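Thanks, everyone, for making time for this. I would like to take you through one structure, going chain by chain and then turning to where the chains meet, so please have it open as I speak.

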Amino acid sequence: MAREAPDLWHAAPRGGEGFATEEDYEHGYKREVRHDLQQYIAFRVGSERYGVSIGDVSEISMVLGITPVPRTADFVQGIANIRGVVIPVVELSTRLLLTREQQPPRPRLLIVRHEEELYGLLVDEVYAVVTIAPEALEDAPAALTGARGDYIRALARDEGEILIILDLTTVLDARDFVVAGARGIGR
Amino acid sequence: MSEHGRSSNEFLSEAQEVIEAFSRNLLELDSQQRVGEHDPDLLNAAFRAVHSLKGLAALFGATQITSLSHTLESTLDSLRLGKLGLTQQTLDVLFASVEMFQRLLADFGDGGADEVDIAPVLARIAALSDGGAAAADSTDLAGLDESILGVLTEYEEHRLRENVRLGRRLFRVHASFDLLAIDVGIEALKGKLKEYGEVITYLPSADGSAEDRIDLDILVGSDCALATIVGGVEEGGVTVHEIARTRAVAAQAPVAQEEDSGHAEPARRGGRAPTGSGSAEAVAPPQRGVSVEAELDDDYAADVGHGLIEPNESVSLRSVSQTVRVELSRLDRLMNLVGELGVVQANLGVTADAMRATDGTSDLLRDMIGHLRTMSRKLSFLQQGLLDVRMVPLGQVFDKLARVVRKLGREAGKDIRLSISGAQTEIDKLIVEELSDPLMHMIRNCIDHGIEPREERIDQGKPAAGRIDLRAFQRGNRVVIEVEDDGRGIDWRHIRDAAVRRGVATAVETRDMTTSEVLDFIFRPGFTTRDHATELSGRGVGMDVVKTNIGRLSGMIDVDTAPGRGTRFEITLPVTLAIIQALVVDSAGETFCIPLNSVLESIMIRQADIVTVEGHEVISLRGKTLPLLHLSRLFGTRAEHEYPDAQRIYVVIIGLAQHRVGLLVDELAGQQDVVIKPLGTALRSVPGIAGATELGADRTVLLLDVAALVDEALARSDVGATSQHPEAPNHGA
């Protein structure tokens, strides 16, 4: 992961501030410093690279003590207790209809804030913070329709590789969490 | 006059407000005077307005306004004391003075050129006092105890005479108020009493009351009979006695309370002679606090603000405001901390046990265990103390409902009496907040569907006025709230037909249902018997919402109805949700908590004890059939008919009132106090799960929603609640 280091370096001035690159040093800051760059946390689920906006991420934690919750959708891994707050944990590979990796070497819990509440996203590995210019973003191709396509906000070109930007609104749609059948059992 | 310039705007706007209020009072008095009797309170308010104007004007050096209001003040005093009759001529002069005030104010605003001549208006006011002196008070007050008469102000005595002259009965209403909530209490009572008559005065009661309570006697004049007033106001420590004027009444007021009687007459505050104030102060400072609090009106505040009142009253102000308003979220944070401390303490206990296992002889260890024990005791005090802070009387929400009843009743053209009992029953503030909407909905239903129109009631030989009873009481560690009306009741046939019509159930299904099962349809989402929504209710979002909301508070709701005689809803709620005692159980390798207040008992059975009725597993318990529910099957964590140990099956009997269900679990793991944590939006609606909680050793476990589970069991099997029709087909989802 050769590019991990510069990317983490870029992460330092948070909040979309412009920053100098090696190119700037070479050409003596001829380039205009950009203010519209956006930062994403890049992570791996299965064999794909995904990203969520850094503003949505509250912390990255080790995976500890997840309590399963019955009568929930299969992608709901359960609940976790993050410093006294109980949050739902979403098993992202199942949610994204990918094959689940058995025992990934470095699993992490990506804790995101969505509509004022915290959720845990179970991912296989967290890479780095990447910076992406708006022009490097493109809409998800039409071919990627169906359930999976709904969870994708955009595709980003990051130094030749594709980063799939997740749409938390659909990924964390509260209506999907509880098993449809279970809802009707109670009166 | 730089002082003048800087603050004259302030004066102008304030004076303008006072004059407008005065003018409004006069307008209302005018309309009342045309039809006969006028409201003495209005005259009083007019008097007070002019009085504050006088103080205000004097402070800002508006001499003409001061002298006009001074003259007017004496006239209004004579009017309210009945020395002067209120006639159209009097009102004309009063209205003329309002116009004069406006002109004076305008002049003052322009810099005070003193062009306005107030002499003609002053003369007209003076002429009033010369001419129309009304008959002096000569009403016979014989029979009234001197101890009452002795403490009345001139105005109060006049009002007393007026009431006697009008042939009204006199009542002594005795009430006891919590010192901390006295202002609310008095206002509420005063509001109720005003419906029946006039409040003449408040007298501190001689009855020895507790330190934190204040007893008051309220003298009321009314045309109503004793029973009417009793029915309207008597509750929670309020008693009403009629004062028979032909014989002497028992002494009620202990000491002449110049201080207390003064409150009704702010005019006297400033220049009151100090007589008696020494003794009054010695008697009971809280009582003075009461009077100030009860009568703390704008006028008084203005007087204090402008230095017209000696600040000695502020002592009593301080004595009643010893309360702190705290945001509930702050208490929640504290409660969470206490809960986490509890976890720490449990972990410490585990560590201590481990240490004892390795070296049980150490003195240090023995010391530590001793301290640990002390800590856990203090911790439970702390927890209980925090819980007590969250408790508020249900009266808070009942008072709101009383206003709703009055308003909705009028809108529906129905005369409805609301009777409230148990308003002092305490419950968690959070629950009270969540309770207002469901209760409001039920009250609406009572008024809209329950209580019949007046004519229909009379035809059926019922009292013309409908009646709604709102009762609260504590039963064990739960609070029960009942809403009962004496209306037409719910016709279960009607419900059944509507259910079939709306496709909720088929005709065949409903044929064998018991009435209570049919009644349960009203709690189904979207269920309504009405074809047209009314202003009040009938939009099909009603009882199901009520039930859901109450279920969210771990409560249950039951309905009981008799056609033609009324309907009674019973809500059972836990006292608090912040921290609860829970039974910890294991099922299929997972740990769950069950709120202990809905656990009736736990028993152990063998697989052989389980019998099957119509495909539903039940056991016989003391002659009753108890439906069984496998927690592991409900949650899909284990296959059917699989027991870890067929000889040792634990049954936790959960339920409330007549609904009982046996919950099958693998292991009982003890009891613990737990702090409930919400699961968040996404998982809130998981049926059967009420929340999560932390047990020791960083374990997060789920808390079961007993109400939902009981419902589920009843929906699945008809051998549930009543055991009346075990052969009935399954009508559940």
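In chain B, which has 733 residues, buried residues make up 38%, and I should say at once that we are looking at a predicted model. The secondary structure of chain B comprises 26 helices together with 22 strands. If we take the contacts in chain B with a separation of 6 or more, 71% of them are accounted for by residues 24 or more positions apart.

One helix in this chain deserves a closer look, and that is H19 of chain B, which covers residues 429-450 and so many as 22 residues in total. From its first C-alpha to its last, helix H19 of chain B reaches 30 Å, close to the 32 Å expected at 1.5 Å a residue. Even with that span, H19(B) has a kink of about 35° at B:Leu435, and this position lies shortly before the proline B:Pro438.

Turning to chain A, we have 187 residues, of which 29% count as buried, and the chain is built with 6 helices and 11 strands. Among the contacts in chain A between residues at least 6 apart in sequence, 57% join residues at least 24 apart.

Finally, the interface: 24 residues of chain A are in contact with 31 residues of chain B. On the chain B side, the elements giving two or more residues are helix H16 (328-358), strand S21 (689-695), strand S22 (699-704) and helix H26 (706-716). By character, the residues on that side of chain B divide into 14 nonpolar, 9 charged and 8 polar.

How values were computed:
Residues are numbered from 1 along each chain as its sequence is written. Chains are lettered from A and ligands numbered from 1 in the order in which they are written. This is a predicted model: local features need pLDDT of at least 70, side-chain atom pairs count only at pLDDT 80 or more; totals for chains, interfaces and linings use all residues. Two residues are in contact if their C-beta atoms, placed from the backbone, lie within 7 Å. Helices (H or I, at least four residues) and strands (E, at least two) are DSSP runs, numbered from the N terminus. Ala, Val, Leu, Ile, Met, Phe, Trp, Tyr, Cys and Pro count as nonpolar, Asp, Glu, Lys and Arg as charged, and the others, Gly among them, as polar. The expected span of a helix is 1.5 Å times one less than its number of residues. The bend at a residue is the angle between axes fitted to the seven residues ending there and the seven starting there. A residue is buried if 20 or more other C-beta atoms lie within 10 Å of its own, exposed if 12 or fewer, and partly exposed in between; C-beta atoms are placed from the backbone.
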